[in-house]
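Hello,

Here is the structure I promised to pass on. My notes on the helix packing and the cores follow below it.

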Amino acid sequence: MLEGNVGSGRMAETVLKRKADSANIPYRALLEVYRRGIGAWKTNPESVRLQSGEKNYSSSRSGKMGKEQWAMARVNAFLEKRKTVYYGSDDDVRRKFGLT
């Protein structure tokens, strides 16, 4: 199970494991990216998008993605190898797990 009771627990764990298997990426790598997404949601509310996907630089969390949604979006960006995540904010995770 997700250590530290991160996100919605078993459901997030199941989804992360399935994504890891499908992408042939270690589960631990995706778990680390997911946890960073949770942390970013908590510490930088201005960066969190509205549920519609639009940007809103307000620090209010009203109408914005939930922490689990934000974390999973970061995992998906990592899997899609988006430059800002895969080679940017989570580049150290990519290198730590020997991903190209």
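**How the first helices pack**

The axes of α1 and α2 come within 9 Å of each other and cross at roughly 130 degrees; axes here are lines fitted to C-alpha atoms, for helices over the stretch in contact, with angles from 0 to 180 degrees between N-to-C directions. Because of that angle, α1 is oblique to α2 (neither under 35 degrees, nor over 145, nor 65 to 115). Keep in mind that this is a predicted model, where local features need pLDDT of at least 70, side-chain atom pairs count only at pLDDT 80 or more, and totals for chains, interfaces and linings use all residues. Residues are numbered from 1 along each chain as its sequence is written, and side-chain values use heavy atoms, without hydrogens and water.

On the α1 side, Ala12, Glu13, Leu16, Lys17, Lys19 and Ala20 meet Tyr27, Leu30, Leu31 and Tyr34 of α2 (contact means heavy atoms within 4.5 Å). By type, the residues of this contact are 7 nonpolar, no polar and 3 charged.

**The cores**

The largest nonpolar core (buried nonpolar residues, under 20% relative accessible area with a 1.4 Å probe, joined through side-chain atoms within 4.5 Å) has 21 residues, and Leu16, Leu30, Tyr34, Met72, Val75 and Phe78 touch the most other members. Two or more residues each come from α1 (10-23), α2 (27-43), α3 (67-79) and α4 (83-89), with the largest share, 7 residues, from α2. Another core of 5 residues lies apart from it, including Ala40, Trp41, Val48 and Met65.

Beyond four places away in sequence, Phe78 touches Leu30, Val33, Val85, Tyr86, Asp90, Val93, Arg94 and Leu99.

Best wishes

Conventions:
Buried < 20%, exposed > 50% of the residue type's maximum accessible area, 1.4 Å probe, protein only. Helix = DSSP H or I, 4+ residues; strand = E, 2+ residues; numbered from the N terminus. Nonpolar A, V, L, I, M, F, W, Y, C, P; charged D, E, K, R; others polar.
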